[in-house]
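Dear colleague,

I am passing on the structure we spoke about, and below it I have set out what was found. Please read the text with the model open beside you.

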2 protein chains.
Amino acid sequence: MKDLDLSLYLVTDRSLSLNRPLEYIVEEAVKGGVTMVQLREKTCSSKEFYELAIRLKNCLKPFNIPLIINDRLDIALACDAEGLHIGQGDIPYDIARKLLGKDKIIGLSVENIQDAIDANKLDVDYIGISPVFSTPTKTDTAQAIGLEGVRQITQISKHRSVGIGGINRANAHDIIKCGADGISVVSAIMSADDPRSAAYELSELIECRG
Amino acid sequence: MKDLDLSLYLVTDRSLSLNRPLEYIVEEAVKGGVTMVQLREKTCSSKEFYELAIRLKNCLKPFNIPLIINDRLDIALACDAEGLHIGQGDIPYDIARKLLGKDKIIGLSVENIQDAIDANKLDVDYIGISPVFSTPTKTDTAQAIGLEGVRQITQISKHRSVGIGGINRANAHDIIKCGADGISVVSAIMSADDPRSAAYELSELIECRG
């Protein structure tokens with residue numbers, strides 16, 4: 001099992017950054033306690049995605065925080081990211097593992113119990129349980145599964161997990177109580193007035209386990 | 001130099017297929033004389049792109065026609081396509097070559113003289129001169145360079161080339177006369193009532209060189 005700290009996992013969304021540079025938000029968030037960063041881009045060109053990934057990788061390197069690329073295996077390979085996050089509509093896991101090799105982190109989104117059962121047959125490094133709550137930041141997601149869904153999935157899954165979707169200060173601790181190893185947030189940090197403080201407050205909530 | 005026949009190069013666009021399956025059009029087009037096929041998808045999920053690529057690869061294999069993937073290096077790797085076509089806004093050529101290896105075909109779009117001069121420093125397998133004429137099938141392209149642009153680029157380029165953009169029966173022969181090794185078409189075959197006949201007629205026009 002790889003040495004991963006999933007506790008506070010930032011997923012980027014430049015449209016929510018309030019016009020601040022992504023590198024600024026990511027660096028502040030890491031200083032506040034973010035333990036992993038996923039670069040998610042759905043509309044830019046491959047060149048822009050690649051260049052952004054290189055910039056984020058350089059920004060995260062001094063902090064030893066892994067950069068995970070959403071969906072785009074080619075970008076992950078091109079920037080030598082620490083890992084890839086794939087959803088149910090992305091390149092199949094087996095292909096991704098073969099191309100990335102066993103040392104890279106691969107996370108997989110699970111949207112229901114069946115996905116979690118299927119994921120037990122794979123040597124993914126973590127699962128992202130999504131969406132926990134309905135969220136405006138991602139429009140292509142399945143129905144929200146709620147805290148009870150998180151509880152059921154963490155019970156049957158053999159993998160480490162993070163909850164994602166509509167998670168913020170008010171519900172962060174609940175996700176951990178349901179058995180997840182961490183929370184994944186987008187707007188709670190991307191749109192925060194002070195991303196460092198926002199990350200710090202979330203990390204404090206996660207540490208109060210039990 | 002790889003053994004490539006660039007003479008009649010079909011670039012797919014499912015939105016122009018008049019609701020016919022892509023495999024049907026591609027197979028008919030190949031039977032009519034298409035010598036290369038590029039799968040271009042800009043809106044579908046990575047999984048759908050991958051599955052479509054696998055289907056096209058199987059469809060082309062009996063004919064020994066190379067499958068080239070547009071932009072998405074990960075899909076090219078995942079389906080073990082014969083090659084990749086990149087534009088100026090895609091992953092940089094050097095990265096693509098490193099990840100794909102020297103045996104795969106890599107084509108590069110050039111949109112002006114300077115791009116063609118820059119491409120002379122690279123060991124790309126061919127250049128796509130685009131767009132020759134303005135075209136409704138691609139909205140993110142540079143200004144049309146016209147036949148004179150094709151002539152200038154084929155004169156200064158050390159690479160084999162195809163013209164693309166607004167090419168049809170009426171102007172196919174002109175592109176060859178301007179020094180290109182082939183023509184690349186989208187709607188002239190994708191939207192043809194009879195894709196096999198359309199390909200056959202275009203290939204006849206190309207053969208009448210000089």
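Helices, of at least four residues, and strands, of at least two, are DSSP runs numbered from the N terminus. Please bear in mind that this is a predicted model.

In those terms, A:Asp71 is placed in the loop that runs between strand 3 (67-70) and helix 3 (73-78) of chain A, while A:Asp90 is found in the loop between strand 4 (83-86) and helix 4 (93-100) of that chain. An unreviewed UniProt entry lists A:Asp71 and A:Asp90 under "binding site"; although they are spread over 20 residues of sequence, they cluster in space, with a largest C-alpha distance of 6.0 Å.

With a relative accessible area of 7%, A:Asp71 is buried, and its side chain is joined to that of A:Lys42 by a polar contact of 3.0 Å. Beyond its neighbours within four places in sequence, A:Asp71 has contacts that include A:His85 and A:Asp90 as well as B:Arg72 and B:Asp74.

A:Asp90 also counts as buried, at 11% relative accessibility, because the limit is under 20%. The side chain of A:Asp90 reaches the backbone nitrogen of A:Gly87 at 2.6 Å, and among the contacts of A:Asp90 outside its neighbours within four places are B:Ser46 and B:Lys47.

As for the two chains, a turn of 180° with a shift of 0.0 Å along the axis lays chain A on chain B with an RMSD of 0.0 Å, which is the relation of a two-fold axis. The C-alpha of A:Asp74 is the one in chain A nearest the axis, 2.2 Å from it. Since 100% of the interface residues of chain A are also interface residues in chain B, the copies meet through the same surface.

With best wishes

Key. Residues are numbered from 1 along each chain as its sequence is written. Chains are lettered from A and ligands numbered from 1 in the order in which they are written. This is a predicted model: local features need pLDDT of at least 70, side-chain atom pairs count only at pLDDT 80 or more; totals for chains, interfaces and linings use all residues. Side-chain values use heavy atoms; hydrogens and water are left out. Copies are superposed by least squares on the C-alpha atoms of residues with pLDDT of at least 70 in both. Contact means heavy atoms within 4.5 Å. UniProt positions are given in the numbering used here, feature names are shortened, and annotations may be inferred rather than shown by experiment. Buried means under 20% relative accessible area, exposed over 50%, partly exposed in between (1.4 Å probe, protein chains only). A polar contact is a pair of N or O atoms within 3.5 Å; within protein, one must be able to donate a hydrogen and the other to accept it, and residues adjacent in sequence count only if both atoms are side-chain atoms.
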